Amino acid sequence: MTDAAELRRRTAELLAAEPPADTDPADFLKARFDAGLAWVHYPEGLGGLGAPRSLQAVVDAELAAAGAPDNDPRRIGIGLGMAAPTILRYGTEEQKQRFLRPLWVGEEVWCQLFSEPGAGSDLAALGTRAVRQDDGDWVVNGQKVWTSSAHVARWAILIARTDPDVPKHAGITYFLCDMTDPGVEVRPLRQITGEAEFNEVFLTDVRIPDSRRLGDIGDGWRVAQTTLNNERVAIGGMRLPREGGMIGPVSKTWRERPELRTHDLHQRLLKLWVEAEAARLTGERLRQQLAVGQPGYEGSGMKLAFARLNQEISGLEVELLGAEGLLYDDWTMRRPELVDFTGREAGYRYLRSKGNSIEGGTSEVLLNIVAERVLGLPSEPRTDKDVAWKDLAR
Ligand SMILES: Cc1cc2nc3c(=O)[nH]c(=O)nc-3n(C[C@H](O)[C@H](O)[C@H](O)COP(=O)(O)OP(=O)(O)OC[C@H]3O[C@@H](n4cnc5c(N)ncnc54)[C@H](O)[C@@H]3O)c2cc1C
């Protein structure tokens with residue numbers, strides 16, 4: 001059993017062998033992965049030690065105190081939060097060995113090719129086709145949309161229709177797609193913030209070897225649930241210090257700029273402060289549950305709360321700042337590598353937070369999930385469950 005003391009000992013060993021001050025950051029991260037200190041709950045040989053997930057904090061604290069580099073989790077969020085747990089659960093040994101190390105050290109960025117122009121909330125209706133060839137490879141044709149980070153990604157998690165003759169959930173298969181392959185075309189989509197952090201992706205005769213299929217043929221919907229449940233936790237369940245995250249910037253402005261205060265804004269700030277703290281502590285509980293297994297539907301509730309609060313809080317901040325809140329430093333189309341709220345002006349955060357109730361499942365759809373799967377309420381009427389995908393009205 002690997003306990004906290006054992007992890008401290010191993011961390012000290014790593015720091016002695018690869019002193020951060022004299023080691024190239026990329027080499028340090030590789031050595032950390034090989035020492036099993038990347039994600040301690042992963043199996044040995046895959047960056048972990050099979051230790052309880054909650055003990056990761058012990059390693060992180062020791063490494064931060066020693067000034068060790070990290071893998072910039074925000075830049076590789078889709079890989080860490082969504083691709084990796086899905087590969088770990090459904091991947092072959094060869095896939096795990098090939099993909100997890102470069103993913104964790106940040107050498108290979110991942111994106112998610114799920115949504116399509118005609119399949120967002122109703123993702124299972126997707127129409128991108130993957131057709132098996134005589135040699136066993138797959139040839140993929142279709143269009144994906146809203147693909148965050150596709151412009152910097154080396155790999156994608158992709159779901160495609162492999163059998164149009166069965167009901168929509170049954171005919172989907174999950175693949176790992178090489179974004180540098182011929183036939184993959186990425187075009188920017190400019191957002192309300194002026195930036196183009198996401199893209200449309202056109203797939204034309206893209207050849208994917210069968211060795212890059214994740215899970216069984218036709219089982220892609222089940223595999224995708226692992227990705228989606230992890231996505232909601234990744235969006236809604238970040239670890240934050242007290243008054244960190246959403247409520248931090250507006251609280252800081254409130255303290256530093258007394259001339260902006262009004263009674264009404266004070267009341268609203270206090271209400272949102274309490275709600276943000278409650279959400280932060282609930283996130284902490286969620287992480288403790290995660291320590292003993294895969295996330296369930298609780299992540300949907302957390303993501304719902306995060307989206308609403310982030311929108312209300314950034315709106316309050318823009319109001320507090322008045323005309324200043326609308327200032328925007330640059331309106332040229334930028335192609336950021338990551339979504340980073342840190343240090344950005346209130347106007348940017350206000351506009352970007354609009355997407356929070358859409359990305360990773362809309363708030364309306366998450367309410368349905370919580371109603372049906374958590375509260376056990378009757379499900380929405382569904383008329384397409386037993387109809388072959390090819391016969392659905394489009
Ligand atoms: C910033 C951002 C980043 C994203 N990144 C990615 C990515 O990297 N990869 C990816 O694959 N996708 C990504 N998405 C896409 C996202 O998952 C979809 O936009 C989302 O699932 C909604 O789908 P849609 O846009 O097709 O809207 P629709 O599904 O058409 O929904 C339109 C409206 O109808 C409502 N609605 C739909 N069905 C129901 C229902 N059953 N009950 C009640 N209301 C309903 C919705 O809540 C919404 O208000 C991203 C989106 C955003 C905003």
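A trainee and a mentor talk through the terms used for this predicted model.

Trainee: Before we start, what are the ground rules for this predicted model?

Mentor: Local features need pLDDT of at least 70, side-chain atom pairs count only at pLDDT 80 or more, and totals for chains, interfaces and linings use all residues. Residues are numbered from 1 along each chain as its sequence is written, and side-chain values use heavy atoms, with hydrogens and water left out.

Trainee: OK, the ligand. Which residues come nearest to the ligand?

Mentor: Ser115, Ser121, Trp146, Thr362 and Glu364, out of 19 residues around the ligand. A residue is near if one of its heavy atoms lies within 4 Å of the molecule.

Trainee: What makes the Glu364 pair a polar contact?

Mentor: The cut-off is a pair of N or O atoms within 3.5 Å; within protein, one must be able to donate a hydrogen and the other to accept it, and residues adjacent in sequence count only if both atoms are side-chain atoms. An N or O atom in the Glu364 side chain sits 2.6 Å from a ligand oxygen, so that pair passes. A backbone N or O atom of Ser115 is 2.7 Å from a ligand oxygen, and the Glu380 side chain has an N or O atom 3.3 Å from a ligand nitrogen.

Trainee: How much of the ligand's accessible area does the protein cover?

Mentor: The ligand has 980 Å² on its own, and the protein covers 69% of that. The areas are Shrake-Rupley with a 1.4 Å probe; for residues, only the protein chains shown count as cover.

Trainee: Where does the shell around the ligand come from?

Mentor: Domain 2 (110-218) and domain 3 (224-374) each give at least three residues. Those bounds come from an automatic or database assignment. The centres of domain 2 and domain 3, over C-alpha atoms, are 28 Å apart. Their contact (heavy atoms within 4.5 Å) takes 22 residues from domain 2 and 19 residues from domain 3.

Trainee: Why is Lys144 called buried?

Mentor: Buried means under 20% relative accessible area, exposed over 50%, partly exposed in between (1.4 Å probe, protein chains only). Lys144 has 0%, so buried it is. Lys144 is in strand S3; strands are DSSP runs (E, at least two residues), helices are H or I runs of at least four, and both are numbered from the N terminus. Its side chain makes a 2.8 Å polar contact with that of Glu116.

Trainee: And what makes Arg352 buried?

Mentor: Its relative accessible area is 7%, so Arg352 is buried too. Arg352 is in helix H10 (residues 346-353), and its side chain makes a 3.0 Å polar contact with the Glu359 side chain. Beyond its neighbours within four places in sequence, Arg352 is in contact with residues including Gln191, Thr193 and Phe341.

Trainee: How do you know that Trp146 is exposed?

Mentor: Trp146 is at 52% relative accessibility, so it counts as exposed. The residue lies in the loop between strand S3 (138-145) and strand S4 (155-161).

Trainee: What stands out about the phi of Trp146?

Mentor: Trp146 isn't a glycine, but its phi is positive, about 65°. Most residues other than glycine have a negative phi. Asp205, in strand S7 (residues 198-208), also isn't a glycine and has a positive phi of about 50°.

Trainee: Last one: why does Asp386 count as exposed?

Mentor: Because its relative accessibility is 74%. Asp386 is in the segment after H11.
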